[in-house]
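Work through the following exercises with the sequence and the structure side by side. Try each task before reading its solution.

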Amino acid sequence: MTTNTQITEDRILILDFGSQYSQLIARRVREAGVYSEMYAFDMSEEDIRAFNPNGIILSGGPESVHEEGSPRAPECVFTLGVPVLGICYGLQTMSEQLGGKVEPGTVHEFGYAAVDVLIRDQLLGDLNDADFGSDSHKLNVWMSHGDKVSAIPAGFQVTASTPSCPFAAVSDEQRRFYGVQFHPEVTHTAKGAELLSNFVHGICGCRNLWNSENIIDLRVEQLREQIGDQKVLLGLSGGVDSSVVAALLHKAIGDQLTCVFVDNGLLRLNEGQQVMDMFAKNMGIRVIRADAENRFLSALAGEVDPEKKRKIIGREFIEVFAEEARKLDGVNFLAQGTIYPDVIESAATKNGKAHVIKSHHNVGGLPEDLAFELVEPIRDLFKDEVRRLGTTLGLPHEMLYRHPFPGPGLGVRILGEVKKEYADILRLADDIFMQELRASGWYDKTAQAFAVFQPVKSVGVVGDGRRYAWVIALRAVETVDFMTARFAHLPYELVDKISTRIMNEIKDVSRVVYDVSSKPPATIEWE
């Protein structure tokens, strides 16, 4: 039987050279059942040795190995005696550092490519792409590079190529060094997950230990050790992260947990009651509901600037939460739903290339008299892992896989001044939109969808009468990473049905419009 502490013993280190896909590598490795962590390429030899990896993956990156001062892998990566996989830039710097050659690309190769498998080493194994037939030696992959390897280091062999990229995959099996010019971590590379699995299991010898059941057992053990018989306070929003933290803490420490749910009056239809039903009623968790609708709306009165509205909502949230916290005795710990991408984004490399972290809306900036020790039970997990954990803990699928909802709630989906009348209209319109998306199967095809209240009136005709009422905009987008997005191409019949229902069922709406802007240049949210 596996003990809890063993689930991170088999581990892969990912050194990040700045690729937009780096976090995907870590996620794919974990999906293969192996623990991984990601650090900047300039990680010290001491830290690399202390991490004690079973294998190392060098990520892609935007720079050229020919540029002065361009990043290199620490030399110890190649002397530790563990397997190394270089992806894209990772392959290029490995080639340069081990005596090969990289030439500047005349053409940036971006998109699908079919690679010819020349030698079936341990990395490529018996991978076959169904697109080409069962006896084919071709694989569909995704390329994204400018430079390319022109001469491989001594001891390496070419294992796959394309007409424009002769060294698409290479290996030195004796030293267990492997490199691919394509990106196995993206879904566009059909057999990418299997290739990474070959590396972490077949080559690095890692076991399948990293799974939801084992993570929960480990986390429960760690939480009990950290917290003992002390009390913990959690700000519960009803979102995925705080909900999973609540369920995890409840499993670990039961009644020692108290949740504060701040109802700011800017939630979706019936959301406040749903949170109370799920956690207080069904799970037996102690939840204090702070009904602060009037307070938030009063503070927002007259304000039209989006950034100032966000700051007001954030400030009021902290104050309400702090007031509720002061009513509780003997609380020593504050739990937060920090997740691994937040940790990665806030880490700085030694050469000063820091990633700027977004201003997150979890509980930060509490007054000094509330000095709690932090508990962050999901800070080493990606969002998809948090969702799988929630499923294992018994949280409903609809809640775990619901579209993202901004911290300020409807406050940034009501353009201009926020009023209760506007929020009530928007809640109803948004609910109709969600009902129809779910019924048509489009909810899961879109990454985010919502209604937006427009503070302008438009003339309409209802029956024999004239209606002068508000305008609602619908927004639905398709995206993988939320960095870029295109508007969802919903069927006209569906948009028609949603629009008709909103105008028929909400007398204060006379017109519905559909947002066909993509990101960039537009943002996903309107404010």
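**Exercise 1.** In which loop is V412 found? Place this residue, and then describe its surroundings.

*Solution.* V412 is found in the loop between α12 and α13, where helices (H or I, at least four residues) and strands (E, at least two) are DSSP runs, numbered from the N terminus. This is a predicted model, in which local features need pLDDT of at least 70 and side-chain atom pairs count only at pLDDT 80 or more, while totals for chains, interfaces and linings use all residues. Residues are numbered from 1 along each chain as its sequence is written, and side-chain values use heavy atoms, with hydrogens and water left out.

The next step is burial: V412 is buried because its relative accessible area is 1%, and buried means under 20% relative accessible area, exposed over 50%, and partly exposed in between (1.4 Å probe, protein chains only). With neighbours within four places in sequence left aside, V412 is in contact (heavy atoms within 4.5 Å) with R310, P406 and E527. Finally, V412 and L266 are 146 residues apart in sequence, yet their C-alpha atoms are 9.4 Å apart in space.

**Exercise 2.** Describe the protein as a whole, beginning with its helices and strands.

*Solution.* The protein has 14 helices and 20 strands. Its radius of gyration is 26 Å, close to the 24 Å that the globule rule gives for 527 residues, so the protein is as compact as a globular protein of that length; this radius is taken over C-alpha atoms, and the rule is 2.2 Å times the number of residues to the power 0.38. Along the principal axes, the C-alpha atoms fill a box of roughly 80 × 60 × 45 Å.

Turning to burial and contacts, buried residues make up 54% of the 527 residues. Among contacts between residues at least 6 apart in sequence, 74% join residues at least 24 apart.

**Exercise 3.** Which residues have the most contacts inside the largest nonpolar core? Follow that core to a helix and to one of its members.

*Solution.* A nonpolar core is a set of buried Ala, Val, Leu, Ile, Met, Phe, Trp, Tyr and Cys residues joined through side-chain atoms within 4.5 Å. The largest has 52 residues, and those with the most contacts inside it are L233, F433, L437, I472, L490 and I502. Helix α13 (residues 420–440) supplies the largest share of this core, 9 residues. Apart from it lies another core, of 44 residues, among them Y35, F279, V386 and L389.

To look at I472 itself, leave aside its neighbours within four places in sequence: its contacts then include I425, L426 and A429, and also A451, V452 and F453, as well as V509 and V512.

**Exercise 4.** Which residues of helix α11 are buried, and what covers them?

*Solution.* In helix α11 (residues 383–392), the buried residues are D384, E385, V386, R387, L389 and G390. Their cover includes α1 (22–31), α5 (212–227), α6 (240–253) and α12 (397–400). Just after α11, G394 takes a positive phi of about 95 degrees.

**Exercise 5.** Compare the settings of C88 and R176, and then find the cis peptide bonds at P520 and P521.

*Solution.* As background, most residues other than glycine have a negative phi, and most peptide bonds are trans. The phi of C88 is positive, near 60 degrees, and C88 sits in the loop between β4 (84–87) and α3 (89–97). C88 counts as buried because its relative accessibility is 4%.

R176 also has a positive phi, of about 60 degrees, although it is not a glycine, and it lies in the loop between β10 (165–172) and β11 (177–180). Its relative accessibility is 30%, so R176 counts as partly exposed.

For the last step, the peptide bond from K519 to P520 is cis, with omega near -15 degrees, and the bond from P520 to P521 is cis, with omega near 10 degrees. P520 lies in the segment after β20 (509–514), and P521 lies in the segment after β20 as well.
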